Amino acid sequence: HYVSPQVWAWRTWRVRKIRAAVDLMLVLFPFEEPFYREHGVAVKFVGHPLADEIDGKGATQEYRARLKLPLEKRTVALLPGSRVTELNAHADLFVRTVQWMFQRDPGLQFVVPFVNRATRSIFEESIKRHEAWDLPITRVHGHSRDAMAAADVILLASGTATLEALLLRRPMVVTYRVSTASYWLIKLFSHVKMYAMPNHLAGREVVPELLQADAVPEKLGQAVERFLNYPGQSVSVMRAYAEIHASLRCNASEQAALAIQGLLQGRVEHAA
């Protein structure tokens, strides 16, 4: 099995089915290896393919030019989520946060990528609802990685995109909202204290994560502003990013192939 489900974070009892079903689990994150060993599952950490693919060295202006954004304006990328449910939960929050920031600094520009028309439509309905037509928000279809790389700071919903933002070496502010019932279910069954992947990988808060009651425009806007206005805030963040990137960059595809080859050879030799 290549790429572990998040049993280490949620509904851990599923590991029993995994133990019965697989001969070898290939995992992308270092902390997953001891988890599976403790539960009696043969496991090998191979690294993360994205860490091999992304070098984090591109200049923001290069990506702004690709997206036809003004090159010198300070830029905030917005990633409210890729699913309709996430947009329904986050669109108003993100639009109101942009209003709050733009009122304080009219020189900012914003870019938001969408995976499909449905998510874009929800976001644009929120813009209409808040009469925010004048906000300088560039909307693009796809190109989420380019949008993140074009930014000085990224405001995003917790998820896979946080790992991409880390590998691209961009400061980020992470947020997430769910229903009250869902939140308490997560609190009840979750086994992690920090939900943003950079923080979970580092074992400490590297980037701000503002969830549920803390997910309000003023707090999100202030967290983004701290990165924009005080570049020194990013120094320790970039150092942590570099350490995490190095730990995940292991030539994952080759490591996975070699592990599978070793498993098959062992079976052949045993049969012989």
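In this predicted model, glycine 221 is buried, with a relative accessible area of 0%. Glycine 221 lies in helix H11. Setting aside residues up to four places away in sequence, glycine 221 touches Thr97, Trp100 and Met101. A helpful way to picture the fold here is to compare sequence with space: glycine 221 and glutamine 99 are 122 residues apart in sequence, yet their C-alpha atoms are 9.3 Å apart.

The helix around this glycine can be examined next. Helix H11 covers residues 217–229, 13 residues in total, and at 1.5 Å a residue it should span 18 Å; the C-alpha atoms at its ends are 17 Å apart, which agrees with that expectation. Besides Gly221, the buried residues of H11 are Pro217, Leu220, Ala223, Val224, Glu225, Phe227 and Leu228. What covers these buried residues? The cover includes both strands and helices: strand S3 (75–79), strand S6 (153–157), strand S7 (172–176) and strand S8 (209–211), together with helix H5 (84–104) and helix H12 (233–248).

Helix H5 deserves a closer look. The axes of H5 and H11 come within 9 Å and cross at roughly 55°, which makes H5 oblique to H11. The crossing of these two helices is right-handed. On the H5 side, the contact is made by Leu93, Arg96, Thr97, Trp100, Met101 and Arg104, while H11 brings Pro217, Glu218, Leu220, Gly221, Gln222, Val224 and Glu225. Sorted by class, the residues of this contact are six nonpolar, three polar and four charged. Thr97, Trp100 and Met101, the residues touched by glycine 221, are thus among the H5 residues that meet H11.

H5 also packs against helix H6 (residues 117–129), at an angle of about 30° and with the axes 9 Å apart. The two helices are therefore roughly parallel to each other, and H5 passes H6 in a right-handed crossing. Here H5 contributes Val84, Leu87, Asn88, Ala91, Asp92, Phe94 and Val95, and H6 contributes Ala118, Thr119, Ile122, Phe123, Ser126, Ile127 and Arg129. The contact of H5 with H6 has nine nonpolar, three polar and two charged residues.

How do H8 and H12 pack? Helix H8 (residues 160–167) meets H12 at an angle of about 105°, with the axes 9 Å apart. That makes H8 roughly perpendicular to H12. Leu163, Ala165, Leu166 and Leu167 in H8 meet Tyr241, Ile244, His245 and Leu248 in H12. By class, this contact has seven nonpolar residues, one polar residue and no charged residues.

Leu248 of H12 appears again in the surroundings of proline 30. Proline 30 lies in the loop between strand S1 (25–27) and helix H2 (32–38). Apart from neighbours within four places in sequence, proline 30 is in contact with Phe45, Leu201, Ser247 and Leu248. Is proline 30 buried or partly exposed? Its relative accessibility is 33%, so proline 30 counts as partly exposed. The C-alpha atoms of proline 30 and histidine 48 are separated by 9.7 Å, with the two positions 18 residues apart along the chain taken as their sequence distance.

A buried residue from another helix offers a contrast in setting. Asparagine 199 is found in helix H10 (residues 197–202) and is buried, with a relative accessible area of 0%. Leaving out neighbours within four places in sequence, asparagine 199 is in contact with Met194, Arg204, Glu205, Val206, Val207 and Glu209. Asparagine 199 and histidine 39 are 160 residues apart along the chain, and their C-alpha atoms are separated by 24 Å.

Finally, two loop residues stand out for their backbone angles. Histidine 143 is found in the loop between strand S5 (137–141) and helix H7 (144–149). Phi of histidine 143 is near 55°, a positive value in a residue other than glycine. With a relative accessibility of 48%, histidine 143 counts as partly exposed. Asparagine 251 lies in the loop between H12 and helix H13 (252–271). Phi of asparagine 251 is near 60°, again a positive value in a residue other than glycine. At 39% relative accessibility, asparagine 251 counts as partly exposed.

Technical notes: Residues numbered from 1 in each chain as written. Predicted model: local features only at pLDDT ≥ 70, side-chain atom pairs only at ≥ 80, totals over all residues. Heavy atoms only, no water. Helix = DSSP H or I, 4+ residues; strand = E, 2+ residues; numbered from the N terminus. Expected span 1.5 Å × (residues − 1). Buried < 20%, exposed > 50% of the residue type's maximum accessible area, 1.4 Å probe, protein only. Contact = heavy atoms within 4.5 Å. Axes fitted to C-alpha atoms, helices over the stretch in contact; angles between N-to-C directions. Parallel < 35°, antiparallel > 145°, perpendicular 65-115°, else oblique. Left-handed = near helix turned anticlockwise from the far one by under 90°. Nonpolar A, V, L, I, M, F, W, Y, C, P; charged D, E, K, R; others polar.
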